[in-house]
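Q: I would like to go through this structure with you. Could we begin with the terms?

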Amino acid sequence: MELNTRSKQQSSNSKAKAKAMAKIVEEEEEEEEAEDFFSSSECGCFLCATKQPDARLRRASLADFFRELPYCDGGGGSNDQSCAAAVAAVWRAAMAAPDDPELPSLGAIRCMSLLLARALADAAWRRRGDNARVPYYAAHAIGSYTIRSAAHAELAVAAGAVRPLAALLGGAMTWVEQRAAARALGHLASYDATFPAVARHAAEAVPLAARAASTCVADVYATFVALPPSRRPRYQRELMACGGADAEDRKAEEWASQLQCWSLYFLSCLASRDVSSHAMICQDAVFLRELSRMWGGLANGDSPAGVGLLRLLCRSPVGRAAVAACRDALASLCDLAHSSDDWQYMAVDCLLLLLDDRDTWHAVADATAACLVDLVEIRQLGPRRRLGDAIASALLVDDDHVRGRELGAEAKKAIGSLRELKVERKEREEAMPRDELIKREILAKEKKRQGNDSFLNGDVDKAIDLYTEALELCPLNRRRERLVLHSNLAQCRLARRDADAAVGDATRALALARPANAHARSLWRRAQAYDMKGMARESLLDCLAFAGAWLGRRRRDKHTTRAAAAARGASPKLPYCVARMISKQMSLTGLFAGVAMSGDKVGGDDCMPRCSEDGDGDDEDDKDDRDDDDESEGEFAGNSATGLKICTSSGREPVIVTGDAWRRLARMT
């Protein structure tokens, strides 16, 4: 009995010792992790303070640290460690736990604000040691702490952070600090509690943010990317991940994009909360002209970029007047409305807001009617439903709305064709007997067949006339037939090198697709037309949309026989001509790429790959529509399916598609 009792006691003692040892090991591991986390900061004072197990002593030590740091000459406390390393450690803590209130409540945000003010006021101190990094880390720490916390934002405003941040945004130092300041100011302007403090500096900050958004790409290129590595500022290179000049260039492009996006976000916060800021934003004519083209990268689902701000401006009379008076801004909105961009519907929204205002209707209709008429068949675009009907209603207004002012010949012709299509022809066809409609449909198909033959025989002009006659005969409810006719017309325009007309016909075909922009052939034809026009970004977006439709259709095609699937291969491949076009346009759409194209033409390999009309994304059931067979426009493929040039790993130089474009393509497929 005693033996059993003793063995139980020994067992319990051993378990207790094991638990104690495990706890000691766990504490040692936590200390090692903390040392690893702050080892790069080389700031013993901050590290010792954070490691203090007693909460009261830790808070007192941290408060002393933040109280002394803004006044040190080059150290992070009494041990004369690097001030930049200390601020970097605070920034890392802010990045790791932005919602943790301990450090901000002990003076971290106030410390960062004082350091910004000192760096701006004392250039000699800023040049000492590694202090050149201090403003960047300090501004970034403020931005990290205020990203989700209104309480932290109030601490930043109380510490006087707005004024030095505005000075950095204005270029008081370099674009690196400007980027961090734009981020922090955007967060401060996004809260109800701190917005008034930021708005008090709006007269100063708005022009600075607009100029930063307009010039940041050129500034980053001129002051960093264009310089050889040996001439680039050392501290800027060290802030970026070291990996060679190419890695630095990629990081610089990414940061320039962020600077532009964060500047636009700051302006959007002001514009959404204070209508009086619209007049200040619209004062910069250059900024307004380029606004809708500011996109900050190919795919940025978290930010509507420049067109989002432009839509906010179009909600006020002063903003609408300024946009309507800027022909370049209207032209860029039209380009965006004719693209496959995710924010296409925002461009249409802007134009509709301008057309709903009697004071701006005439100027906007005169400049954009020809563009908008191409979109009147759209049923839904993004979150917007019945968008085509809204466009038609905005353009087809009574004479009193126009107030006796004459439109230009092009706009008048476009509105006249719209009235014929949506009002007069619709009424005529509704009154026609069914037999008459069937007869017109048969005649339209015959005209289309003749047009196909004429195109194959090289008589493009006759093919255009026949397709146009077929469109006039084809009943409006035969949506699919009309889609194919417009797409075939786009191919004819390409053959005639009439890029503008090709864009218009392809856009009309894409507006008839269900869902919109889902007809693969039309996407490819419009991509080629934009390539002729030198509009690389629009061409790239259409290429990517086509690639998604091409690959996705082949993966979900349930009607293909097993033999055909085996002949085609297990995994779908992208036609080489498409991959080559993507690679070409990718090289022209980077932030630092040149915007001019020296007459580049579509090469012999850029021919339309053969694909059937069925399953190009037009998957809505329509009782009045029937799918067309391959022969309806298969002749325009240019080569057979067996003759496609496919991206392969053998016998051909690989086409490299990288960056945001490839990530967008991967999401599509």
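A: A contact means heavy atoms within 4.5 Å. With that cut-off, and not counting residues up to four places away in sequence, Ser144 touches Trp91, Ala94, Met95, Pro98 and Arg183.

Q: What kind of model is this, and how are residues numbered?
A: This is a predicted model, in which local features need pLDDT of at least 70, side-chain atom pairs count only at pLDDT 80 or more, and totals for chains, interfaces and linings use all residues. Residues are numbered from 1 along each chain as its sequence is written, and side-chain values use heavy atoms, with hydrogens and water left out.

Q: What is the mean pLDDT of the protein chain?
A: The mean is 80, and 75% of the residues reach 70 or more; pLDDT is the predictor's confidence in each residue, from 0 to 100.

Q: Which elements have the lowest and the highest mean pLDDT?
A: Helix α34 (residues 660-668) has the lowest, at 39, and helix α9 (residues 150-158) the highest, at 97. Residues 1-6 have pLDDT below 50, and this stretch has 0 contacts in the model beyond near neighbours in sequence. Residues 75-80 also stay under 50, but the model has 16 contacts for them beyond four places in sequence.

Q: How many helices and strands are there?
A: The protein chain has 34 helices and 2 strands. These are DSSP runs numbered from the N terminus: helices are H or I with at least four residues, strands E with at least two.

Q: Back to Ser144: where is it found, and is it buried or exposed?
A: Ser144 is found in helix α8 (residues 134-145). It is buried because its relative accessible area is 2%, and buried means under 20% (exposed is over 50%, partly exposed in between; 1.4 Å probe, protein chains only).

Q: Which side chain makes a polar contact with that of Ser144?
A: The side chain of Arg183 does, at 3.3 Å. A polar contact is a pair of N or O atoms within 3.5 Å; within protein, one must be able to donate a hydrogen and the other to accept it, and residues adjacent in sequence count only if both atoms are side-chain atoms.

Q: How covered is α11?
A: Helix α11 is mostly covered, with 14 of its 14 residues buried. Across the protein chain, buried residues make up 50% of the 669.
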